[in-house]
Amino acid sequence: MEKEQLFQKISDNVVEMEDEIVEDLCRQALDEGFDAAETINCGLIPGMDRVGVLYEEGEYFLPEVLTASCALNAGLDILRPHIRKEETGSRIKIVIGVVEGDTHDIGKNLVKIMAESAGIEVIDLGRDVPLNDFIDTAEREHCDIICMSTLMTTTMPGMKQIIDQLKERDLRDKYKVMIGGGPVSQKFADEIGADAYTADAAAAVRKMKELKGRI
């Protein structure tokens with residue numbers, strides 16, 4: 001099967017919530033010699049992006065989103081061990097989490113997987129993370145970048161609170177701050193003074209490497 005055709009089938013079956021078929025197709029991609037990271041970026045993630053659009057349009061509801069995420073994770077479990085790890089020129093260490101009040105962590109988990117595959121050390125705080133934990137962990141673990149995610153507009157102000165806390169603790173110049181998530185935008189990043197915003201996991205990893213060069 002052609003690579004693009006296989007990736008499209010993976011995407012379609014994430015949308016259709018067919019976890020067993022997604023597993024089989026991801027195994028097929030590996031058997032045919034396709035790159036695991038490319039299969040994630042061009043097959044699994046576009047499928048989940050389409051699920052997000054269907055949710056926003058009211059065609060899918062939370063149960064469908066959760067079931068589709070199970071199909072996504074089934075594919076990730078097959079592909080993750082086969083992602084080729086890179087060696088970064090200088091070690092990058094990040095702390096990442098979903099801000100307090102939000103439990104949606106699919107996007108955060110994708111960024112974690114892609115970052116680790118690029119040789120970046122990741123301290124994952126999980127979801128619904130108390131705001132103070134981001135800075136306290138960054139200090140304790142000697143991180144370079146603080147990464148925050150949310151899928152809910154109601155929790156976006158927490159991102160600004162963390163940046164304000166960095167300023168209050170005279171730590172703002174010590175860390176780069178990255179934000180992302182469905183309702184987040186470059187405009188919002190500019191408004192709250194974040195160092196970077198990215199729309200997807202692959203772009204997030206590229207930005208981490210770029211920011212490291214400016215630390």
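## A parallel sheet and its buried strand

Reader: Is strand β3 (residues 145–149) largely enclosed by the rest of the structure or not, and why?

Author: This is a predicted model: local features need pLDDT of at least 70, side-chain atom pairs count only at pLDDT 80 or more, and totals for chains, interfaces and linings use all residues. Residues are numbered from 1 along each chain as its sequence is written, and side-chain values use heavy atoms, with hydrogens and water left out. Strands (E, at least two residues) and helices (H or I, at least four) are DSSP runs numbered from the N terminus; buried means under 20% relative accessible area, exposed over 50%, partly exposed in between (1.4 Å probe, protein chains only). Five of the five residues of β3 are buried, so the strand is largely enclosed.

Reader: Which residues of β3 point one way, and which the other?

Author: All of them are buried. I145, C147 and S149 share one direction; the other way point I146 and M148.

Reader: What is the order of the strands in the open sheet?

Author: Two strands pair if DSSP finds at least two bridges between them. The sheet is open, has five strands and pairs in parallel, in the order β2-β1-β3-β4-β5. β2 (121–124) and β5 (196–197) each have a single partner strand, so one side of each lacks a neighbour in the sheet. The edges are therefore β2 and β5.

Reader: Which residue of β4 is the bridge partner of S149?

Author: Strand β4 (residues 176–180) runs parallel to β3, joined by five bridges. The partner of S149 in β4 is G180.

Reader: Which residue stands opposite M148 in β3?

Author: Strand β1 (residues 93–98) pairs with β3 in the parallel sense, over five bridges. Opposite M148 stands G97.

Reader: What is the hand of the β-α-β unit made by β3, helix α7 and β4?

Author: A crossover is right-handed if, with the strands pointing away from the viewer, the path from the first strand over the helix to the second runs clockwise. Helix α7 covers residues 157–168, and the unit with β3 and β4 is right-handed.

Reader: At about what angle to β1 does helix α6 run?

Author: Axes are lines fitted to C-alpha atoms, for helices over the stretch in contact (heavy atoms within 4.5 Å), and angles run from 0 to 180 degrees between N-to-C directions. Helix α6 (residues 131–141) lies across β1, β2 and β3. Its angle to β1 is about 160°.

Reader: Where is E38, and how does its relative accessibility class it?

Author: E38 lies in helix α3 (residues 36–56). Its relative accessibility is 27%, so E38 is partly exposed.
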